[in-house]
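This report looks at a protein model with more than one chain. Please have the sequence and the 3D view open while reading.

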There are 2 protein chains.
Amino acid sequence: MRRAKSCGPKGTGQKGRAKRDGQDSAMKSITLLGASGSIGQSCLDVVRQHPQVFRIEALVAGRNATQLIKDALEFRPACVALADASQAPAVAHALAGQGIEVLAGRDGLLEACQRPNDICLSAITGIAGLEPTLAALTATRRLALANKESLVCGGSLLMEAAQRHEVAIIPVDSEHSAIFQALHQQPRKALRNVVLTASGGPFRTWSADAIAQAKPEQALAHPNWDMGAKVTIDSASLMNKALEFIEALYLFDLQPGDIEVVVHRQSIIHSMVQFHDGSYLAQLGAPDMRSPIAYALTYPDRAALNVAPLDLMTLGRLDFEAPRHSDFPLLKMAEHAWQEGPAAMIAFNALNEEAVAAFLGGRFTFGAIARVVVEGMDKAWNQPIGGLSDIQDADKSARRLAQERIARYAEA
Amino acid sequence: MRRAKSCGPKGTGQKGRAKRDGQDSAMKSITLLGASGSIGQSCLDVVRQHPQVFRIEALVAGRNATQLIKDALEFRPACVALADASQAPAVAHALAGQGIEVLAGRDGLLEACQRPNDICLSAITGIAGLEPTLAALTATRRLALANKESLVCGGSLLMEAAQRHEVAIIPVDSEHSAIFQALHQQPRKALRNVVLTASGGPFRTWSADAIAQAKPEQALAHPNWDMGAKVTIDSASLMNKALEFIEALYLFDLQPGDIEVVVHRQSIIHSMVQFHDGSYLAQLGAPDMRSPIAYALTYPDRAALNVAPLDLMTLGRLDFEAPRHSDFPLLKMAEHAWQEGPAAMIAFNALNEEAVAAFLGGRFTFGAIARVVVEGMDKAWNQPIGGLSDIQDADKSARRLAQERIARYAEA
């Protein structure tokens, strides 16, 4: 095991820092992909708490024009970009005369990503985050990575591009941030293994039958974390942990046997590492995404942040149990997909994205998500994957299959 | 708060490494104070696992000639020293012709401490460890400190001497090792506070009356750690945590308000630190002193060690509760002693050492330990403390008072 080169401390890069007229050049400029989502909004709150340290270079969002306009007026970025081009005129109108460039559509979005910046926070959900993240690597010095699907679907491509462009990757997912913090400047050869914690989601104690019949509002009731809909559903199925498992393999250059998944319902220990001397370091904290976001922005320093301290005495206990693999089959599929190779990981993610969307659209109950994914993974996903277009082709192919399966379960 | 200068990573010092004929100069030489005690024996087991990395320069013990001879024959140090001079002839006889120098008594012991070495592990119990530890600072590059009483009684003296002699202090107590590991190369200004965990000892759930009436065999039954008698009794009274509280103030340059003591009965989380961003790092492990000893010997590296890994799923839970200050009054006295100053801390330790010895000698039940200490601390302990002789005078004075009190309770 060795630490991925792009995931460690970074020397002074070749790229200059982006600078706007009249702004302190010591300030760090941030390009925020997925600005109107849960992670994006938490990042803006961190920036709000440290206006002398950070400034926003670009805000990139999908469809939420209202939030984008509001945030643009507060944070005054050089540029905003909206994937949904149909709403661009409204954004341009609202920001007229503000000196903020308004871009839209795929090309506008990629153009925004390629503006020079110090830190790019990639927080677009799903494989949709991959292309903008790859584009951003050409223009940034640090990638704060919250979009796990871009690693799951394009891990090799992303890690190689980061290395080529001398971009440090700092994980933002609370689990991977925990591992990164625990490993901080420890000799990497000292690492024995990683304990990845999982909350177990809202169905942790439910019977298999009850899980199968669950409705969206039940799956959306996450016990600890307030997150977007897609990741909350993935937490309920443990697919989120499966994606994180693959993410950890790439980020920390591990093998599947190096990672143990433990269900820890309170989500206080965000993950831990064991060293060769039998000593463990764990990162703990209140379930507040602002902590790992701030760490990714400030590493190797830490910025003061008004998140609630832990009150262990009131909390009383931390619990641990084994995952119920038979009732949550997607977790184990991560290892299978990893062993099968890149196309299988792309299919794994695509099947799940489609199934989750169908579930949230009310087309079937919760149990069908795992059935769509598990059955879809029976196919031999072994076509060679080179660049982005191969990934997108494999993704489309898996989505087509997913839609066939979804139609079957929705009819039933 | 700033980190004590002597408690951080060390540059290349001026002192050469000790070297014996025919031995690899890259090997680290260790002088072991308290060789026949629990920590000393654990240290020898670490050395046994890494014969290519460490060699023993000197073994220093108190009275246990049998163990000293056995260890000398196994580890072949350059020198052994026994505090109890009456047994020196027997040791000299047993080691005759082995090329091992045999020293004895106070002077012999100090001579052994002053032989050049790379690492001195100070593990003599009680204030008896202070003078040898101070002597060792003139001859070593790293002090692996397990003798908490030398910090409690001579903290300023010891920290200053370590700085003067350019000796790095690496804590060995599991709690302080945990804090040291969690702080590892983090920017010290990022530290918010420290959570010092306590097992609560064998009387954690006992009624006040039952605690007061407890006998030595009950107090010696520590739930988690296998340690020497003195520290086990101190764990039962929470005096051990009081001493560690003061130790942490010195080691990490903290103020009392920076430390929160939490009872954690499983002793798995050995302590933790909170940073300014609300993130905590905790060090965890099986209760095995070989881990923190090995870390103190190998820092900043880590050596492979055959200690049992944690099995969180079998363990099931980690519990936390507030200390019962009214039933364990010694813990809170640490802060009082610290505020009163050096003489009060010396008295605090001396009163306890005498009371524990009397308890172990069967002179009274457990409750009298705290009464001897608390009542003894009523006196104004405020004489100025300069060097070692002042410390020894204050220590004697407190021991005299302790003996008066002990006689009274023993008669009752």
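The text below goes through the interface, the relation between the copies, and some backbone details.

**The interface**

The model is predicted. In it, 47 residues of chain B are in contact with 47 residues of chain A. The size of an interface is often given as the accessible area lost when the parts come together. For chain B and chain A this buried area is about 4,000 Å², and 55% of it is on carbon and sulfur atoms. On the side of chain B, the residues that lose the most area to chain A are Asp277(B), Arg302(B) and Met313(B), which together account for 19% of what that side buries.

Polar and charged groups also meet here. Between chain B and chain A there are four salt bridges. One of the salt bridges joins Arg302(A) to Asp277(B), with the closest N and O atoms 2.9 Å apart. In addition, 22 residue pairs are in polar contact across the interface of chain B and chain A, counting pairs with both residues at pLDDT 80 or more.

Which elements of chain B give two or more residues to the side that touches chain A? They are the helices α7, α12 and α13 and the strands β8, β9, β10, β11 and β12 of chain B. Of these, β11(B) gives the most, with five residues. Sorted by class, the side of chain B that touches chain A holds 26 nonpolar, twelve polar and nine charged residues.

Strand β11 also links the chains through strand pairing. Residues 280-284 of chain A form strand β11, which pairs with β11(B) in the antiparallel sense over five bridges. Within this pairing, Ala282(A) stands opposite Ala282(B).

**The two copies**

How are the copies placed relative to each other? Chain B is superposed on chain A by a rotation of 180 degrees with 0.0 Å of shift along its axis, and the RMSD is 0.0 Å. The two copies are therefore related as by a two-fold rotation axis. The same surface serves both copies, as 100% of the contact residues of chain B recur in chain A.

**Backbone details**

Most residues other than glycine have a negative phi, and most peptide bonds are trans. The table lists the cis peptide bonds described here.

| Cis peptide bond | Omega | Place of the proline |
|---|---|---|
| Tyr299(A) to Pro300(A) | near 5 degrees | loop between α12 and α13 of chain A |
| Tyr299(B) to Pro300(B) | about 5 degrees | loop between α12 and α13 of chain B |

Another backbone detail concerns phi. Arg76(A) is not a glycine, yet Arg76(A) has a positive phi of about 50 degrees. Arg76(A) lies in the loop between α2 (65-75) and β3 (79-82) of chain A.

Definitions and conventions:
Residues numbered from 1 in each chain as written. Chains lettered and ligands numbered in written order. Predicted model: local features only at pLDDT ≥ 70, side-chain atom pairs only at ≥ 80, totals over all residues. Heavy atoms only, no water. Contact = heavy atoms within 4.5 Å. Buried area = accessible area lost by both parts, 1.4 Å probe. Salt bridge = Lys/Arg side-chain N within 4 Å of Asp/Glu carboxyl O. Polar contact = N/O pair within 3.5 Å; in protein donor to acceptor, adjacent residues only side chain to side chain. Helix = DSSP H or I, 4+ residues; strand = E, 2+ residues; numbered from the N terminus. Nonpolar A, V, L, I, M, F, W, Y, C, P; charged D, E, K, R; others polar. Pairing = 2+ DSSP bridges. Least-squares fit on C-alpha atoms with pLDDT ≥ 70 in both.
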